[in-house]
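Visitor: I would like a close look at one part of this protein, please. Start with the whole, then go in.

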Amino acid sequence: MVEFNLLDWREAKYEFEQSEIKKIMLAFILLTLIIWLIAHLVLSLYLNHLNSKSLQYEAEREDNPGLITGERSFLTQLKLHQNDIIDLFEILHHPHQDALCFTSMRREDNKIIFKGVAASLADLTHFLKTWVNLKHFSEVKLQQIQWQESNISFQLCGIEQYPSFQSLFIEKN
């Protein structure tokens with residue numbers, strides 16, 4: 001009877017598999033470190049860029065105090081805009097709108113366009129009396145009225161009293 005000794009072959013296969021696993025693990029660790037290093041480099045360059053812009057802005061502000069004369073600081077404008085939006089949503093939430101329902105609201109530059117339905121023309125008129133006196137809008141226009149079977153659909157356009165918050169992000173070159 002012939003006997004084969006496969007022990008040497010099994011040991012060689014085991015050592016080969018172990019070396020392949022070590023190579024894969026090393027490649028994975030190196031790849032992870034390279035990705036981390038690249039991300040760190042990109043983010044640090046971005047932060048350095050932002051810091052230099054901030055320092056440049058501060059230097060311009062100190063050199064030319066007329067830049068901020070009569071203007072509110074960015075954070076003050078941000079806070080005022082947030083408060084105005086909160087006030088507007090509180091007004092829209094009031095329970096006086098049992099016969100009035102807004103269906104959509106969209107912004108175009110400094111205009112906010114409201115669409116909705118009212119139970120009657122009297123309800124819409126009553127709402128518009130209070131709406132025109134809001135401090136949020138310099139002008140309120142009724143753009144469209146459409147009679148339907150049981151209600152009236154309408155479209156209002158309100159021009160914001162203050163410039164939109166988006167204008168705060170426009171860089172002046």
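Visitor: What does the accessible surface of the protein come to, and what share of it belongs to carbon and sulfur atoms? Then take me to the aromatic cluster formed by F102, F114 and F154.

Guide: A word of caution before the tour: this is a predicted model. The accessible surface of the protein comes to about 14,000 Å². Carbon and sulfur atoms hold 61% of that surface.

Now get your bearings. The protein has three helices and four strands. Starting from the N terminus, read them as α-α-β-β-α-β-β. The protein contains 173 residues, and 17% of them are buried. Look at the contacts too. Take those with a separation of 6 or more: 54% of them join residues 24 or more positions apart.

Now to your cluster. F102, F114 and F154 form one aromatic cluster. The count of aromatic pairs comes to two. Begin with F102 and F114. Their rings sit 5.5 Å apart, centre to centre. The planes meet at 55 degrees, and the pair is tilted. An angle of 55 degrees is tilted because stacked planes are under 30 degrees apart and edge-to-face planes over 60. Where do these two residues lie? F102 belongs to strand β1, residues 100-108, and F114 to strand β2, residues 111-118. The pair therefore ties together parts that are twelve residues apart in sequence. Is F114 buried or exposed? F114 is buried, because its relative accessible area is 1% and buried means under 20%.

The second pair joins F102 to F154. Here the centres are 6.1 Å apart, and the planes stand at 75 degrees. That pair is edge-to-face. F102 is in strand β1 and F154 in strand β4, so this pair ties together parts 52 residues apart in sequence. F154 counts as buried, at 3% relative accessibility. So F102 has a place in the tilted pair and in the edge-to-face pair.

Stay on strand β4 for a moment. The strand covers residues 152-160, and Q155 is part of it. Q155 is buried, with 11% relative accessible area. What does Q155 touch, leaving out residues up to four places away in sequence? The list is I113, F114, K115, K141, L142, Q143 and Q144. Notice F114, a member of your cluster, among those contacts of Q155.

Now the cysteines. C157 counts as buried, with 5% relative accessibility. C101 is partly exposed, at 41%. How many disulfides does a search of the whole structure find? The search finds zero.

Next, look for charge. Side chains of opposite charge can pair when their charged atoms come close. The whole structure has two salt bridges. One joins the side chains of E108 and R106, at 3.0 Å from N to O. E108 is partly exposed, with 36% relative accessible area. R106 is partly exposed as well, at 38%. The other bridge links the side chains of E20 and K23, at 3.7 Å from N to O. E20 and K23 lie in helix α1, three residues apart, which is about one turn of the helix. E20 is partly exposed at 30%, whereas K23 is exposed at 53%.

Helix α1 also carries F28, and the helix spans residues 7-63. F28 counts as exposed, because its relative accessibility is 54% and exposed means over 50%. Set that against F114, which is buried at 1%. F28 is part of a nonpolar patch on the surface. The patch is formed by L26, F28, I29, L30, L33, I34, I38 and V42. Together, these residues have about 790 Å² of accessible area.

One last stop. S120 is partly exposed, with 26% relative accessible area. How far apart are the C-alpha atoms of S120 and S153? They are separated by 9.6 Å, and the two residues are 33 residues apart along the chain.

Back to your part, then. F102, F114 and F154 make one aromatic cluster. F102 meets F114 in a tilted pair and F154 in an edge-to-face pair.

Definitions and conventions
Residues numbered from 1 in each chain as written. Predicted model: local features only at pLDDT ≥ 70, side-chain atom pairs only at ≥ 80, totals over all residues. Heavy atoms only, no water. Patch = residues over 30% accessible without salt bridge, like charges linked within 9 Å, V, L, I, M, F, W, Y side chains within 5 Å. Areas by Shrake-Rupley, 256 points an atom, 1.4 Å probe, with all protein chains shown as cover. Salt bridge = Lys/Arg side-chain N within 4 Å of Asp/Glu carboxyl O. Buried < 20%, exposed > 50% of the residue type's maximum accessible area, 1.4 Å probe, protein only. Contact = heavy atoms within 4.5 Å. Disulfide = S-S within 2.5 Å. Phe/Tyr/Trp six-rings, centres within 6.5 Å; stacked < 30°, edge-to-face > 60°.
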